Structures are given as structure tokens and as C-alpha cells.
Amino acid sequence: MHPDSLDGKSTNTTPRMDTELFQALKAGQSSALGTLYDRYGALVYGLALKILQNPQEAEDLTQEIFLHLWRTNTYNPARGTLSSFLTVMTRSRAIDKLRSRGTTHKFLERWGQTMTTEISSASPFELASLGERSQQVRDALAQLSENQRQILEMSYYQGLSQSEIAAQLNIPLGTVKTRARQGLLKLRQTLQDFLK
């Protein structure tokens with residue numbers, strides 16, 4: 001059933017109620033966010049889960065969507081319903097996450113393949129080259145800030161989700177995401193020649 005109505009038919013009063021709640025939210029009434037979350041949280045989470053196929057990432061994205069709604073003025077009630085806005089934003093952000101996941105996976109996969117291939121069939125000259133490249137990787141990791149390196153190590157060596165990292169380090173999820181993204185970008189930039 002569509003969240004706009006109880007009987008599955010669209011009504012004229014529900015969108016106005018959404019608009020009123022949104023305006024209350026913008027006026028600083030944080031309780032309006034809870035009401036909007038109760039109304040559309042399942043819609044956002046369900047769509048995110050369908051696209052991402054990962055409950056933890058879907059939960060993180062749901063939180064991100066509602067925080068975005070609260071903190072920004074990107075929703076304009078005159079341009080459409082809140083449910084449509086949330087659906088479009090969730091789909092767009094989920095696809096961005098899939099692309100980012102694919103890029104990160106390809107980066108780590110190429111890195112791993114390069115290291116494995118070179119170790120298994122290495123001549124003395126290649127071993128020397130491998131040693132040099134290993135040093136390049138260590139140097140690249142050393143260029144990351146301690147915070148960025150810690151989050152990447154927890155993610156890739158311990159297999160923790162960003163939410164789990166945030167909980168363990170007792171820092172906001174947004175901080176974890178920012179540091180992870182900045183660390184990966186810096187690592188990719190530093191190792192760009194190495195991965196060609």
C-alpha cells in the first residue's frame with residue numbers, strides 16, 4: 001500500500017500534511033522528522049535494500065537520506081510529493097554507492113592481482129621490482145592521515161562496515177565515510193602509476 005493513504009488511493013490531504021510536516025521540520029521542530037521517518041522510512045529502506053542487496057548499507061543510506069532531508073533545502077513541495085522526492089533521491093544515492101563499491105572493488109582487486117601475480121612467477125629482477133613496488137605501497141599508506149589509515153584498515157582487513165567502525169571509534173558515521181573516501185582517493189592518486 002502506498003504510504004500516502006490508508007486505502008491505497010491517493011488523497012489530497014496527505015501531501016498537504018507532508019508539506020506541513022516538512023515546513024515544521026524546517027522551522028526547527030525535530031519531532032516532524034520522526035513522523036516523516038515513520039511514514040516513509042520503510043519505503044526508503046526497502047528501495048535501498050532492493051538496489052544495494054546489503055541490509056547494513058541500506059540502513060546507512062536510509063539514515064543518510066533523512067539527515068539530508070533535515071539539513072538541506074533540496075525538497076520543494078511545489079515540484080512533487082515527498083514520497084517521489086525520497087524515492088528519486090534514494091535510487092540515485094544507492095546507484096552512486098554501487099558505482100563507488102565497484103570502483104573500490106576494482107581498485108583493490110587490481111592491486112591484489114598485481115601483487116599475487118608478481119610473487120608467484122618472479123625472477124630475481126622481478127623480485128627486486130616487486131620490492132620497490134611494495135615500498136611504493138607502504139609509502140602511499142604512510143601518506144594517509146592516521147585517521148584515514150585506521151578506517152581503511154578496519155574496513156578492509158577486519159571487514160567492518162562503516163557503521164561498525166563508527167560505533168567502535170565512537171565517532172559520527174559521516175566522519176567515517178568522509179575519512180574513508182578521502183583515504184581511498186589519496187591512495188588511488190598516489191598509486192595511479194603503479195596500477196597502470
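Start by selecting R149: leaving aside its neighbours within four places in sequence, R149 is in contact with L141, A142 and L144, where contact means heavy atoms within 4.5 Å. R149 sits in helix 6, residues 146-156. Helices here are DSSP runs of H or I with at least four residues (strands are E runs of at least two), numbered from the N terminus. Zoom in on the side chain of R149, and you'll find one of its polar atoms 3.3 Å from the backbone oxygen of L144. That is a polar contact: a pair of N or O atoms within 3.5 Å, where, within protein, one must be able to donate a hydrogen and the other to accept it, and residues adjacent in sequence count only if both atoms are side-chain atoms.

A quick note before moving on. This is a predicted model, in which local features need pLDDT of at least 70 and side-chain atom pairs count only at pLDDT 80 or more, while totals for chains, interfaces and linings use all residues. Residues are numbered from 1 along each chain as its sequence is written, and side-chain values use heavy atoms, with hydrogens and water left out.

**Next stop: E146**

Stay in helix 6 and click on E146. Is E146 buried or exposed? E146 counts as exposed, at 52% relative accessibility. The scale is this: buried means under 20% relative accessible area, exposed over 50%, and partly exposed in between, using a 1.4 Å probe and protein chains only. Now add G183 to your selection: E146 and G183 are 37 residues apart along the chain, and their C-alpha atoms are separated by 9.9 Å.

**Helix 8**

G183 takes you to helix 8, where L173, V176, K177, A180, G183, L184 and L187 are buried. Those residues cover an arc of only 140° around the axis, which puts them on the same side of helix 8. The arc is taken from the directions from the helix axis to the C-beta atoms. An α-helix has 3.6 residues a turn, so residues three or four places apart point the same way. Flip to the other side of helix 8 for R181 and Q189, which are exposed.

Try your viewer's distance tool on the ends of helix 8 (residues 173-190). With 18 residues at 1.5 Å a residue, helix 8 should span 26 Å, and its end C-alpha atoms are 26 Å apart, which agrees. The expected span is 1.5 Å times one less than the number of residues.

**Helix 7**

Select residues 162-169, which make up helix 7, and colour the buried S163, I165 and A166. Looking down the axis, the buried residues fall within an arc of 160°, so they line one face of helix 7. What do they pack against? The buried residues of helix 7 pack against helix 3, helix 6 and helix 8. On the face turned away from that buried side, look for the exposed A167 and Q168. Just after helix 7 comes N170, with a positive phi of about 55°.

**Ring spotting**

Now show the aromatic side chains. Rings of Phe, Tyr and Trp (its six-membered ring) pair if their centres lie within 6.5 Å; planes under 30 degrees apart count as stacked, over 60 as edge-to-face and the rest as tilted. By this rule there are three aromatic pairs. The centres of the Y37 and F66 rings are 4.9 Å apart with their planes at 65°, so this pair is edge-to-face. Y37 lies in helix 2 (residues 31-52) and F66 in helix 3 (residues 55-71), so the pair ties together parts 29 residues apart in sequence. Y37 is partly exposed at 41%, whereas F66 is buried at 4%. Another pair, Y75 and F85, is tilted, with 5.1 Å centre to centre and 50° between the planes. Add F22, and ring pairs link F22, Y75 and F85 into a cluster.

Stay on Y75, in the loop between helix 3 and helix 4. Y75 is buried, at 7% relative accessibility. Its side chain reaches the backbone oxygen of G80 at 2.9 Å, and the backbone nitrogen of L82 lies 3.1 Å from a polar atom of that side chain.

**Last stop: the cores**

A nonpolar core is a set of buried Ala, Val, Leu, Ile, Met, Phe, Trp, Tyr and Cys residues joined through side-chain atoms within 4.5 Å. The largest has 22 residues, and those with the most contacts inside it are L36, F66, L69, L82, F85 and L86. Its largest share, seven residues, comes from helix 2. Finish with a second, separate core of 15 residues, including A140, L160, A180 and L191.
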